[in-house]
Amino acid sequence: MASRLSLAGVVFSIFLSFSSLPCQAQLSSNFYASTCPNALTTIRTATRRAVSRERRMAASLIRLHFHDCFVQGCDASIMLDNSPSIDSEKFSFNNDNSVRGFEVIDDAKAQVESICPGVVSCADIAAVVARDASVAVGGPSWTVRLGRRDSTTASPSLADRDLPRTTAALGDLIDLFSRKGLSERDMVALSGSHTLGQARCVTFRGRLYDNSSDIDAGFASTRKRNCPAAPGNGNNNLAPLDLVTPNSFDNNYFRNLIQRRGLLQSDQVLFSGQSTDSIVTEYSRNPSLFSSDFAAAMLRMGDIEPLTGSQGEIRRICSVVNEEQVPKYCCSIKLTLQQPWLYANESGTKLMYKFEVRV
Ligand code: HEM
């Protein structure tokens with residue numbers, strides 16, 4: 001009896017440990033191999049084109065995938081515009097006037113739709129684009145797992161709750177990432193994407209002017225020149241997140257942190273005498289370790305709560321749920337001129353035309 005009970009206990013605990021695994025088993029790298037074999041090269045071409053037009057776009061596209069995945073999972077909810085059924089996430093605190101790159105996803109999606117209509121999800125395109133953006137600026141590559149579907153909902157309130165704020169304490173950031181299945185180390189590696197891109201003055205003004213000793217004085221005075229103290233003044237003025245090489249993927253971000261030259265408070269908090277200091281030091285000394293940890297963390301981030309199987313849908317246009325899209329051929333009218341004929345009566349003779357109308 002006792003052995004039967006303990007066997008049941010083992011089976012139950014195996015079940016528990018499997019059921020708490022992330023959903024990665026449902027995604028696979030060859031998901032479109034037979035249904036759209038050219039999807040990945042098509043997406044890569046669109047991404048390369050966008051990044052060669054504007055190098056900062058690589059940063060924006062990596063961030064877009066992050067802001068998608070942290071809000072109800074990697075389901076392209078961030079891409080939905082306001083509509084009768086959708087309250088868009090685009091205007092939530094962290095996204096409004098900030099998150100960029102939607103037009104690149106739309107372009108890649110249009111190209112992919114033209115070769116395989118209705119097959120490749122917007123959520124998968126965002127994941128592939130993020131990887132291709134990393135590669136385009138000298139960052140690591142990874143094999144993206146595919147098979148995500150698109151949501152039919154969006155949630156600005158979840159965006160406000162689940163996207164990190166620059167003012168958060170280290171412990172709160174660690175908790176937030178751990179609720180998404182990501183470790184402290186994943187969080188530090190992923191924050192390393194601040195080796196790319198720009199931030200607006202409104203996001204780092206507090207850090208420049210709060211008289212803290214946690215910032216290099218020379219760095220603060222340089223940044224103050226383009227970010228005035230008065231709230232509302234120059235809010236949208238940009239500064240590079242990595243002051244040394246903002247357009248290429250390297251480990252300078254971590255070296256900056258050690259010199260107290262992190263731009264955001266949430267950057268510097270990673271090296272502020274607390275538990276993540278040692279990870280920052282490791283990455284500052286070992287760029288290839290940072291690269292491989294970053295790739296692994298991006299893969300784990302891409303696994304956050306995907307919709308699979310019959311959940312959600314494959315949107316035809318990323319910014320609108322299918323139900324609200326105007327059917328493409330609804331309103332075309334075909335007029336066909338039939339053979340004209342002569343019609344005669346007592347008032348004269350007329351040439352008559354007959355049209356066939358098809359809607
Ligand atoms: C740890 C918490 C994080 C906070 C508080 C944070 C906050 C921010 C802020 C405030 C900006 C500037 C936005 C603006 O001025 O409009 C920014 C930019 C950026 N973030 Fe983060 N971030 C965090 C983590 C991440 C992660 C995990 C990633 C990617 C996986 C990421 C990728 C980026 C990139 C690439 C940019 C530059 C975007 C551009 O130039 O368009 N961040 N972040």
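**Close-up views of a predicted model**

**View 1. An uncovered strand, β4, and its hairpin partner.** Let's begin with strand β4 (residues 341-345), which is hardly covered: of its five residues, the count that are buried is zero. This is a predicted model. Strand β5 (residues 348-352) runs antiparallel to β4, and five bridges join the two. One pairing to look for is N345 with its bridge partner in β5, G348. The two strands form a hairpin, with two residues between them.

**View 2. The shell around the ligand.** Here you can look at the 25 residues around the ligand, among which S60, S98, L190, G197 and A199 come nearest. Three elements, α3 (56-69), α8 (184-191) and β1 (198-200), each supply at least two residues of this shell. The most comes from α3, which gives six residues. By character, the shell divides into ten nonpolar, ten polar and five charged residues.

**View 3. Four positions listed as "binding site".** An unreviewed UniProt entry lists T195, D242, T245 and D250 under this name. They span 56 residues in sequence, yet no two of their C-alpha atoms are more than 9.6 Å apart, so they gather at one spot.

**View 4. D242 and T245, two of the listed residues.** D242 lies in the loop between β2 (238-240) and α11 (252-258), and T245 is found in the loop between β2 and α11 as well. D242 is buried, because 28 other C-beta atoms lie within 10 Å. T245 is partly exposed, with 16 other C-beta atoms within 10 Å. Not counting residues up to four places away in sequence, D242 touches H194, T195, N252, Y253 and N256. Leaving aside neighbours within four places in sequence, T245 is in contact with D250 and N252.

Technical notes
Residues numbered from 1 in each chain as written. Predicted model: local features only at pLDDT ≥ 70, side-chain atom pairs only at ≥ 80, totals over all residues. Near = placed C-beta within 6 Å. Helix = DSSP H or I, 4+ residues; strand = E, 2+ residues; numbered from the N terminus. Nonpolar A, V, L, I, M, F, W, Y, C, P; charged D, E, K, R; others polar. Buried ≥ 20, exposed ≤ 12 C-beta atoms within 10 Å, placed from the backbone. Pairing = 2+ DSSP bridges. UniProt positions renumbered as here; feature names shortened; annotations may be inferred. Contact = placed C-beta atoms within 7 Å.
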